[in-house]
Structures are given as C-alpha cells and as structure tokens.
Amino acid sequence: MKKSIVYPLLAVAAIVWGVSFIMTKELFNTEPHITVLTILTFRLLLATIITIPSMMLFRQLERIRKGDLKWFLILAFLEPFIYSICETRGVQLVSGSMSSIIVATIPLFVPFGMAIIYHEKIRGITLVGILLSLIGLSIMLFMGGSDNLDTNPAGLACLFGAVLTAVVFTIVLVKLVGKYKPLTITAYQNFIGCLYFIPVMLWFDHDQLPLLSYSPKMILLIAALGIFCSTLAYVLYNIGITHLGATAACIFTNAIPVFSLIAAIIIGQETLTWTKPVGIVIVLAGVVLAQLPERKKA
C-alpha cells in the first residue's frame, strides 16, 4: 500500500479517537449510573459481534499460529483491557480535551521503547517533530487558563498509566503486524478483550446495570464507540504500523487533541480560547515535520 494512502487512513484514526473522548465524556454526563467497565464491555461486545461473524462469513478470519497465542493474550490484556480502563477512568475524572492532550504524549516514549527492544533508529527529524508537537500541547495545557490546571490527580494518574500501557502495547503489536492482517489482529483483540471484561464487569457492576436508562442516545454512543473507535480506528492504526513502522504511525496520535478539542467546542463541552488554535497549529506542524522523509547523503 502506498504511503500517500496510509497517511489519510491514520488521520481518520486520529479523528475517530479524538471524538471518542468527547463521546465517552457525554456518556458519563448523561448516564449517572454508567461505569467505566460497563462502557468498555458493551463497546467491545458490540465490536466483536460485528467483526468475528462477518470475517468468518467471508472467510477472512486467520487462525492464530502456534506460538502466537501468548502474544494475542498479552496484546488484548494491555489494550483494550488495561489501557481502556485507565483511559476511560481518566476521561471520567478529567475533561475530554485534557485527556486527549495527555494521551497524545505517547509518541514521545514509543521511539525510545522501540530503540531499546528492537534497536530501531531514532531519526533526528522525528524527535524534532515530537518535541514541536509537545510544545503545542503544552501551550494548550499550561496557558489555557486555570480550568486546565485544576484537574483531578487520580484522573491524571490513570491517563499517564494509559500512556505507559500504550507504549508497551505498541512494542508487542510489532511482533504480530507482519504475520496477520490488521483486521484479524483487531478482531482477536476485541474478542479476547471481551473475555477479560465480561466477568469483571458482572462482578463489580451487576447492581448498576438495572439502573441504566438504555436510551437511544446511550445505545448510539456505545455503538459508535464500538464500531468506529474499537474497530475501525484500530484497523487503520495497525495498517499504519504495518506500512510505516510503529514510531512513524504513532506520531499521528499527536493530532488526537486537535480533533477532540474541535468536537468539544462544537457540542458546547468547552469554550474556545486564543491558546487553543495556536496550540493546534503547532501540533499539526510537528506531525507533518515528523513525517518528512530523511534526506539522503550525496
């Protein structure tokens, strides 16, 4: 697949994930009895019900090869299980755009993890692009007023836990992207993730389930999270890692806060300040810079 096609696909993944923070926050705002485990279990269950039977029908579901089952089990334990719990709990306690800003620091740490485990070279231009993006994120975070700084410490801890989990997840994912189709990896991720989530959710949230409204809005939001965020975006991200490598693909997560902020402003969750568009421009400049090809020596 040509890089000119892969880049737009990764951009779509970033848009979907950016909007997912706002949809999750909207669920917590409109459903007082809904919990982190309930949201995650329902969205993964829906994603699995759609992907696994469809792939089996069209004979697209690849069998897990001998020796790879442990990597799928670890992959699904990291993400969606641990990562999603940390991220969704963080979104519950912190604003949607702030959560996306913290998650966007993932590319800062992935290149170092890849260099340590796989001896992947860290390009100078990649580091410059990452740092430039982080400057833009810092402007949005620290110069955006007291509302941004007055955040829940537990929520911040959960979000940074999600960042660390995502780095380890990306390192493990590299072991599988060359062996299986992106949709196969995503399908098994969601299926195994369901096996992790369902018993935990039933144990902790069995008293909360009858209290939910199950309104059309709730069902629509969970459906969107399951279909687009837990399936489509991960497939596109896996395609990006397959064709560009983990370091280059994860740079696109820096653009997530941009789309998250735009969505939050559109629906009225947050207000627009002068620091936000300035930060957005710098973040996007960093993303573009990090993707520039390395100049060859004469």
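What percentage of the 298 residues of the protein count as buried? Keep that in mind while you load the model, which is a predicted one. The answer is 52%.

**Start with the whole chain.** Switch to cartoon and you'll see helices: 13 of them, and zero strands. Tracing along the sequence, the pattern is simply α-α-α-α-α-α-α-α-α-α-α-α-α. The radius of gyration is 19 Å, close to the 19 Å the globule rule gives for 298 residues, so the protein is as compact as a globular protein of that length. Drop down to the C-alpha trace and line up the principal axes: the spans are about 65 × 55 × 30 Å.

**Next, turn on contacts.** Take the pairs of residues at least 6 apart in sequence: 89% of those contacts join residues at least 24 apart.

**Now the surface.** The accessible area comes to about 13900 Å², and carbon and sulfur atoms account for 72% of that. Then select the charged side chains, where you should get 20 positive and 13 negative. The centres of these two sets sit 17 Å apart.

**Last stop, the cysteines.** Select cysteine 194 and cysteine 229. How far is the sulfur of cysteine 194 from the closest cysteine sulfur? The distance is 15 Å, to cysteine 229, so a bond is out of reach; the cut-off for a disulfide is 2.5 Å. Searching the whole structure turns up zero disulfides. Add the surface back and check each residue: cysteine 194 is buried, with a relative accessible area of 4%, and cysteine 229 is buried too, at 0%.

Conventions. Residues numbered from 1 in each chain as written. Predicted model: local features only at pLDDT ≥ 70, side-chain atom pairs only at ≥ 80, totals over all residues. Heavy atoms only, no water. Helix = DSSP H or I, 4+ residues; strand = E, 2+ residues; numbered from the N terminus. Rg over C-alpha atoms; globule rule 2.2 N^0.38 Å. Buried < 20%, exposed > 50% of the residue type's maximum accessible area, 1.4 Å probe, protein only. Contact = heavy atoms within 4.5 Å. Areas by Shrake-Rupley, 256 points an atom, 1.4 Å probe, with all protein chains shown as cover. Lys, Arg positive; Asp, Glu negative; His and termini not counted. Charge placed at Lys NZ, Arg CZ, Asp CG, Glu CD.
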